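Thank you all for making time this morning. I would like to walk you through one structure, beginning with a strand in its interior and then moving outwards to some helices.

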Amino acid sequence: MTITRKLYHLALADFRERTRRYSFLIVLGLVSLLGYAVYTGDAGLKMGEYRGVFNSAWVGAQMTMVLTLMLSLFGFYLVKNSIERDTQTGVGQIIATTPISRQAYLISKWLSHFLLLGVMVAILAAAALVMQLLRREAALDAGTLLAPFLLVALPCTGLIAGLAVLFESIPFLRGGMGNVIYFGFFLVLITASGLSVPWDADLASGAPADPLGLGMFIPSMGSATKAQHPDYTAGWDAPDGDVNNINRAFQLGFDLQHVDKTFQCDGIVWTLPTALRQWVWGLIGLALALSGSLFFERFDPSRGRPKIVKAARRKGAQRETAAKTAAAVIAESEVAGTGTTAAHPAAAARPRLTPLGSARSPFSFPGVFLAELRLLLKGWPWWWYIAAGGLIVACAVLPLDIVKNMLLPAAWVWPILVWSGMGSRERRFTTYPMVYAAPSPLWRQIPATWLAGIVISAATGSGGAIAFLIAGDLAALTGWLAAVIFIPSLALALGAWSGSKRLFECVYMLWWYRGAFQHGPALDFIAQPSLLYAGIGLALLAAALVGRGRQIQR
Amino acid sequence: MTIQSSLQNQGKVLPAVGKTCPLVIQDLGKQYRRDFWGLRHFTLELDSGIIGLLGPNGAGKSTFMRMLATITKPTEGKITWRGVDIATRPDPLRDVLGYLPQDFGVYPNLSALEFLEYMAAIKGLPAKTARQRIDELLQVVNLVDAARRPLGSYSGGMKQRIGIAQALLNDPQLLIVDEPTAGLDPEERVRFRSLLANLAGNRIILLSTHIVSDVEATAAEIVLINHGSLLVRATPEALLASLDGKVWSWLAPSDRLDALKQSHLVTSTVRRAEGMLVRVVCEDSPHPQAQLIDPTLEDVYLYQVSHNGGRQ
């Protein structure tokens with residue numbers, strides 16, 4: 001079998017497995033919603049106070065930029081679970097025994113990611129087509145409309161696919177820690193992309209400045225806007241690196257204020273150099289995927305969980321031998337032919353259990369709560385606890401404005417991987433058949449899990465509460481209390497409904513960044529002087545109960 | 001005459017008629033797709049003792065067990081535990097249920113002790129009772145020395161033993177074990193069978209497997225299932241008696257084996273220097289040299305499956 005054929009089949013099988021999941025339908029629905037948001041103007045691009053006339057150049061470029069922005073964040077989280085799934089399903093162990101090389105396996109994963117993200121590019125390209133036809137502001141030019149998708153969006157997906165493969169190849173970055181680190185990387189990426197727009201560069205000769213493709217479109221749009229509307233403040237008028245002035249020049253994303261003033265966007269004249277320019281990023285993505293082979297352990301479990309393996313080595317081998325010896329005392333032998341067992345004279349070795357009678361605890365909540373709390377707190381490295389403790393102390397002793405702006409937000413992003421286990425743990429570790437078959441699985445477990453999450457948020461944020469109490473800032477204390485309830489409730493609800501920790505990690509990181517860190521007015525769940533977010537938290541708890549209730553008996 | 005009618009004529013089929021059984025399954029069905037039922041028209045009444053559930057892969061055993069374990073809701077029919085429909089009120093059964101699923105996981109960062117404490121709390125056991133019970137169970141499943149190691153470092157067989165321990169935590173009245181000996185070494189398998197035999201008193205133990213020797217060693221009754229339907233329910237003795245005079249063995253040339261498999265139900269073959277020692281189930285002597293031998297449950301199982309639609 002040729003290597004091409006191997007890659008084709010590996011990638012295709014992976015692609016099929018993902019696209020036949022119910023969750024993929026949800027993703028398609030969300031992508032369609034994104035297209036609709038661009039159509040209505042809730043998401044998209046504006047140049048200062050202006051937007052482009054809905055011609056093919058503007059619609060294609062705008063949709064492509066929104067798409068690359070979204071895919072570079074959500075696309076990464078969407079595809080970054082393929083190697084993990086092969087590990088969990090056991091398929092990886094089978095693949096590991098085949099002659100396929102690590103490089104070929106990782107390229108097949110890159111291809112599969114690329115195909116999956118490509119489906120989304122195709123959907124939004126179709127949405128762009130429909131959008132222009134519905135808007136009827138200019139005649140349709142299919143080539144101009146679709147070129148940005150092929151020449152900017154697809155290369156970007158190649159890069160995202162490569163990053164996802166690389167993160168999955170490195171054991172340290174495979175889990176939630178990798179998700180958090182990627183979010184930081186994403187923030188750097190979008191900021192750098194915005195700041196590096198080459199306003200006065202010659203597009204054809206310039207090097208590809210950013211994978212999102214802003215530099216491909218924004219300068220010509222800025223020139224056109226300035227030419228048609230002299231009051232427009234373009235990027236070249238802004239001092240280098242001044243984010244506020246850049247924001248006045250263009251804004252890309254969600255929740256934009258609607259603008260009616262328009263300019264005519266003529267788009268890009270695609271020459272061969274400009275057409276190939278962004279594809280460099282696609283190739284970089286492929287190279288990143290290949291570089292993953294330096295770290296990828298090829299499903300060798302002995303290299304996957306160092307801590308557990310170490311513990312096993314420390315306590316294991318000789319005790320295992322002792323256990324075997326004890327087992328050997330059970331000297332029962334099968335009687336050939338009849339299939340019955342005959343007891344050895346050493347009958348005392350027969351396993352026996354004392355009957356329990358009707359010993360049931362009428363109120364088992366404290367036990368379940370403590371067990372849930374232990375589950376949340378087990379398995380973290382020592383430095384995690386040290387850092388959490390350090391943040392608590394720092395919050396308690398440093399000035400209030402530093403606490404509000406930096407330390408408390410930091411203290412409440414630190415346990416993100418602890419909270420993200422809530423609600424989905426039973427699915428992820430396949431303990432649900434046992435847990436759901438226990439009495440009152442809904443009311444006995446979910447409230448206990450929720451309270452355990454609240455204890456974590458209260459404990460990690462306790463330094464903030466002390467600071468607010470000392471300062472007599474009751475409004476801040478109210479917001480603190482609401483956040484304590486809100487964060488674990490969000491984790492529990494999203495975990496229970498998605499069966500995965502990634503949804504919470506992704507949503508919370510965004511929410512935390514826009515709200516707690518950047519203090520977005522409505523999104524700042526820490527600084528609200530009311531119990532609004534506590535109310536939302538209780539609603540989320542109700543949602544978690546409904547979600548788990550649905551899973552318990554299907 | 002089929003085996004089923006033979007069993008009925010001997011009066012050895014055991015629908016527990018006229019007695020109030022704690023677990024009653026009536027016309028149970030589970031539909032997965034429009035054109036596929038995992039289980040259908042399944043009726044059974046179960047009293048205390050070990051009941052072996054035998055069937056090939058895909059027969060519907062796990063579907064049946066998941067419905068009994070209140071994990072899956074039936075599409076039709078109902079299951080009642082002491083008169084209570086478990087679909088509408090599952091908790092009376094869950095209070096006394098022990099369930100070892102075929103596929104299950106554990107929390108890799110917890111030790112065996114911590115995991116069992118967690119499951120005991122989830123099952124509502126008081127802390128003191130739970131501690132005593134866990135100590136006993138760790139001895140029973142032979143994991144005392146490994147009790148404080150993280151479960152992530154356990155072998156497959158050790159995890160299976162933890163599964164067995166958690167199923168027994170609440171001293172269940174209904175114990176459902178799905179392929180319990182999968183992954184266990186022979187020593188542990190014998191130990192587990194012995195444990196089941198000891199536990200079978202006033203409780204119902206439903207043991208699902210396709211390892212006939214497990215059922216042979218422990219079960220007081222056997223339920224055979226295929227294609228989502230109940231084939232037969234009988235004691236092992238009745239099942240064995242139903243094949244009396246129908247199991248033959250002789251030494252056949254190796255090159256005749258394929259042809260023999262086409263014409264007869266061959267239940268086992270053993271290579272010998274002179275050829276193949278074959279074991280065949282059929283009404284009349286299949287070969288002049290064939291000799292009647294005692295049937296085994298494996299013969300019964302293979303006969304029933306092959307005469308009722310074969311494997312999935």
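**A strand and its neighbours**

Let me start with strand S3 (residues 49-54) of chain B, which pairs with strand S8 of chain B in the parallel sense over six bridges, where strands count as paired if DSSP finds at least two bridges between them, and where strands (E, at least two residues) and helices (H or I, at least four) are DSSP runs numbered from the N terminus. Before going further, I should say that this is a predicted model, in which local features need a pLDDT of at least 70 and side-chain atom pairs count only at pLDDT 80 or more, while totals for chains, interfaces and linings use all residues. Residues are numbered from 1 along each chain as its sequence is written, and chains are lettered from A and ligands numbered from 1 in the order in which they are written.

Within that pairing, B:Ile50 stands opposite B:Ile205 in S8(B). Strand S7 (residues 174-178) of chain B is joined to S8(B) by five bridges, and these two strands run parallel, with B:Ile176 as the bridge partner of B:Leu206. Between S7(B) and S8(B) the chain passes through helix H7 (residues 186-199) of chain B, and this β-α-β crossover is right-handed, meaning that, with the strands pointing away from the viewer, the path from the first strand over the helix to the second runs clockwise.

Why can we call S8(B) largely enclosed by the rest of the structure? Six of the six residues of this strand, residues 204-209, are buried, so the strand is largely enclosed; a residue is buried if 20 or more other C-beta atoms, placed from the backbone, lie within 10 Å of its own, exposed if 12 or fewer do, and partly exposed in between. In a regular strand the side chains alternate between the two faces of the sheet. Here both faces are covered, with B:Ile204, B:Leu206 and B:Ser208 buried on one side and B:Ile205, B:Leu207 and B:Thr209 buried on the other.

Turning to helix H5 (residues 127-140) of chain B, its 14 residues should span 20 Å at 1.5 Å a residue, and its end C-alpha atoms are indeed 20 Å apart, the expected span being 1.5 Å times one less than the number of residues. Among its buried residues are B:Ile134, B:Leu137 and B:Leu138. Seen down the axis, the buried residues of H5(B) fall within an arc of 145°, so they line one face of the helix, the arc being that of the directions from the helix axis to the C-beta atoms. Their cover includes helix H4 (112-122), helix H6 (156-168) and H7 of chain B, where contact means C-beta atoms, placed from the backbone, within 7 Å.

In chain A, helix H2 (residues 22-40) has A:Val31, A:Leu34, A:Gly35, A:Val38 and A:Tyr39 buried, whereas A:Tyr22, A:Leu25, A:Ile26, A:Gly29 and A:Thr40 are exposed on its other side. Just after H2(A), A:Gly41 takes a positive phi of about 95°.

Finally, a word of caution about confidence. Chain A averages a pLDDT of 83, and 83% of its residues score at least 70, pLDDT being the predictor's confidence in each residue, from 0 to 100. Over residues 311-348 of chain A, however, pLDDT stays under 50. Where pLDDT is low, the predicted coordinates should not be read in detail.

Definitions and conventions
Contact = placed C-beta atoms within 7 Å.
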